[in-house]
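Here is a short set of exercises to work through with the model open beside you. Try each task before you read its solution.

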Amino acid sequence: MKFLLGFFIALIMFFPMYAVIICSVKTNGQVLSDPFGIPHPFDLTAFGLVLGKSGEFWGFLYNSIVIAVSTIVIVDLFAMAAGIALSRIRFKGRPLIYNFFIMGMLFPITVAVLPLYLQLRDLGLLGTQGGVILAEAAFGLPMAIFLFTGFFKDIPQELQDACQMDGGGMFTFFFKIVIPISRPVVATVSIITFIQSWNQFLFPLLVLDDSSKFTIPLGIMQFQGQFTTGWNQVMAFITISIIPMAAFYFSAQRYIVAGLTAGAVKG
Amino acid sequence: MKKAGLVFLLITPAFLLFLLFVVVPVIQAGHYSVYRWKGLGPLEQFVGLGNFFRMFGEDIFLTALWNNLKVVILSLLLQLPVAFFFALLIGRKRFPGSMLFRGIYFFPYILAEIAIGIIWKFIYNPEFGLPTMIASFVSGGETKIALLGSTEHAFTAIFIVIFWKYIGFHMILYIAGLQNVPDELEEAAIIDGASKLQVVFHVIIPCMRNTIVISVFLSVVGAFNIFDVVWAMGQGGPVHSTETLVTYLYNFGFKRFAFGYGSAVAIVIFLICLVFNLFYQKYIVGESK
């Protein structure tokens, strides 16, 4: 009984995904006459058009990858460095600086969006991917610093003392001990940052104006807005854009779920 | 290397980036909010709290605010309880295929909202979409249902999407929280003759207080920042009936280069989140420790 109910809900939850995938392999005529039925004939034209035509999709994909990877690298490096200082070195004003960063988790991106736009304009970053990367990274920092600091705090002090006794300083401690054991927290931070960056719509919408620099979410929006585009092509476009995320998700479901809930549960 | 130098070296990159792109813009938003300003030239037209007074006199702004509040209310009354039910249903170890089901229920959460908005716009299509199909089937004739085209129903249609997209996230939080409920406690209650409902309300929910507190918090703050889904499904239309605070900020602040007015809207969002947060910390979170 329970299983049947769970299964039935799963069907409803999955239905929109089913609709997208099924419509991407239909002719546009069939999408309009029979959107949710089985495809007949099975038709891959839409995929050909999306992947071939002017290569727009590949550009969006490339841009999304560049922005996501750069954001992840910046967030991990900067937050890790700050996290080490905030957890392993005693200095005056440490709680103040920590709270300064953590405060950033309280307010949403949208609050700062208009001045941020002007800021990027004054710095000459408007219309550049650099602007999107820096803004996304800056907003990802509080959560990342929170996670890194929490993780580093739990490293036993004896390990640090032992390093110092052996004549190695802070640097030995970082490279020999901290970095090798922080793989799980790096993974968590990278996953959170990746998903946020990959799906981010508002920042790129504000910052980027030239469609050759668009990310996938902007690309989807633009693509479905062109009135010559058939629904089957829109669906094929969405299906392909979901594939990287779906593959990533189902190969690392456990880590993703743990990562996305880590911030929430620990907070 | 001196300790001070090391600390400086480690903290400065993050500090500068955060200061430049988060802190300074937030402060600027506060500053701009008391001016009338197009974003170019000096800030000259000081209007005091004029932008705020104007805002609360605008029907569209009030609709947007009300829509956000509706999302909060509906999420707390419907989405979270159903998410909790899902967690109890499929989150237990004895449920066959639990991991796969969790995966399916949670999957919408990691998809781009913009893609989701377009998918649902397709499902709601008045010509061939699901509501039209169902209505035609029930009535036996051709009945076209245009949910997103109706000022009355568009917001409900969008809420269904929000419900579907975020329910998995809250379910996963609850499943994590369920791990903290000691099995012995549950078993003892059952042996003592407690009904299933009594176990849920008197054993499970009290043990999960912290998880529920967090889930409610994220749900409320999230509700005030809804943008992408609404944007993809109609940009706040028809006739501004589905406007939210953030789409309002975009449509009436950014698009019209009304940076002063838009910043005032941003400050209102900020204050709502801040006040809620302070209230919540003081009265709810504090008690659970």
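**Exercise 1: Two unusual loop residues**

With 14 C-beta neighbours inside 10 Å, Gln235(B) counts as partly exposed. A residue is buried if 20 or more other C-beta atoms lie within 10 Å of its own, exposed if 12 or fewer, and partly exposed in between, with C-beta atoms placed from the backbone. Before going on, note that this is a predicted model, in which local features need pLDDT of at least 70, side-chain atom pairs count only at pLDDT 80 or more, and totals for chains, interfaces and linings use all residues. Residues are numbered from 1 along each chain as its sequence is written, while chains are lettered from A and ligands numbered from 1 in the order in which they are written.

Task: find where Gln235(B) and Phe257(B) sit, and state the phi of each.

Solution.
- Step 1: Gln235(B) lies in the loop between helix H11 (228-234) and helix H12 (245-254) of chain B. Helices here are DSSP runs (H or I, at least four residues; strands are E, at least two), numbered from the N terminus.
- Step 2: the phi of Gln235(B) is near 55°, a positive value in a residue other than glycine.
- Step 3: Phe257(B) belongs to the loop between H12 and helix H13 (259-288) of chain B, and its phi is positive too, about 50°.
- Step 4: Phe257(B) has 13 other C-beta atoms within 10 Å, so it is partly exposed.
- Step 5: for background, most residues other than glycine have a negative phi.

**Exercise 2: A helix from each chain**

Task: describe how helix H6 (residues 113-122) of chain A and helix H1 (residues 3-32) of chain B cross.

Solution.
- Step 1: the two axes come within 8 Å and cross at roughly 115°. Axes are lines fitted to C-alpha atoms, for helices over the stretch in contact, and angles run from 0 to 180 degrees between N-to-C directions.
- Step 2: that angle makes H6(A) roughly perpendicular to H1(B) (under 35 degrees is roughly parallel, over 145 roughly antiparallel, 65 to 115 roughly perpendicular, the rest oblique).
- Step 3: on the H6(A) side, Leu114(A), Pro115(A), Leu116(A) and Gln119(A) take part, meeting residues of H1(B) that include Phe21(B), Val24(B) and Tyr32(B). Contact requires C-beta atoms, placed from the backbone, to lie within 7 Å.
- Step 4: sorted by class, this contact has 8 nonpolar, 2 polar and no charged residues. Ala, Val, Leu, Ile, Met, Phe, Trp, Tyr, Cys and Pro count as nonpolar, Asp, Glu, Lys and Arg as charged, and the others, Gly among them, as polar.

**Exercise 3: The whole interface**

Task: how many residues of each chain are in contact with the other?

Solution.
- Step 1: 65 residues of chain A are in contact with 63 residues of chain B.
- Step 2: helix H1 (residues 2-24) of chain A gives the largest share of chain A's side, 10 residues.
- Step 3: that side divides into 54 nonpolar, 10 polar and 1 charged.

**Exercise 4: An enclosed helix**

Task: is helix H12 (residues 216-225) of chain A largely enclosed or open?

Solution.
- Step 1: 8 of its 10 residues are buried, so H12(A) is largely enclosed by the rest of the structure.
- Step 2: among the buried residues are Ile216(A), Met221(A) and Phe223(A).
- Step 3: the cover includes helix H10 (183-199) and helix H13 (231-251) of chain A, together with helix H5 (113-123) of chain B.

Terms used
Contact = placed C-beta atoms within 7 Å.
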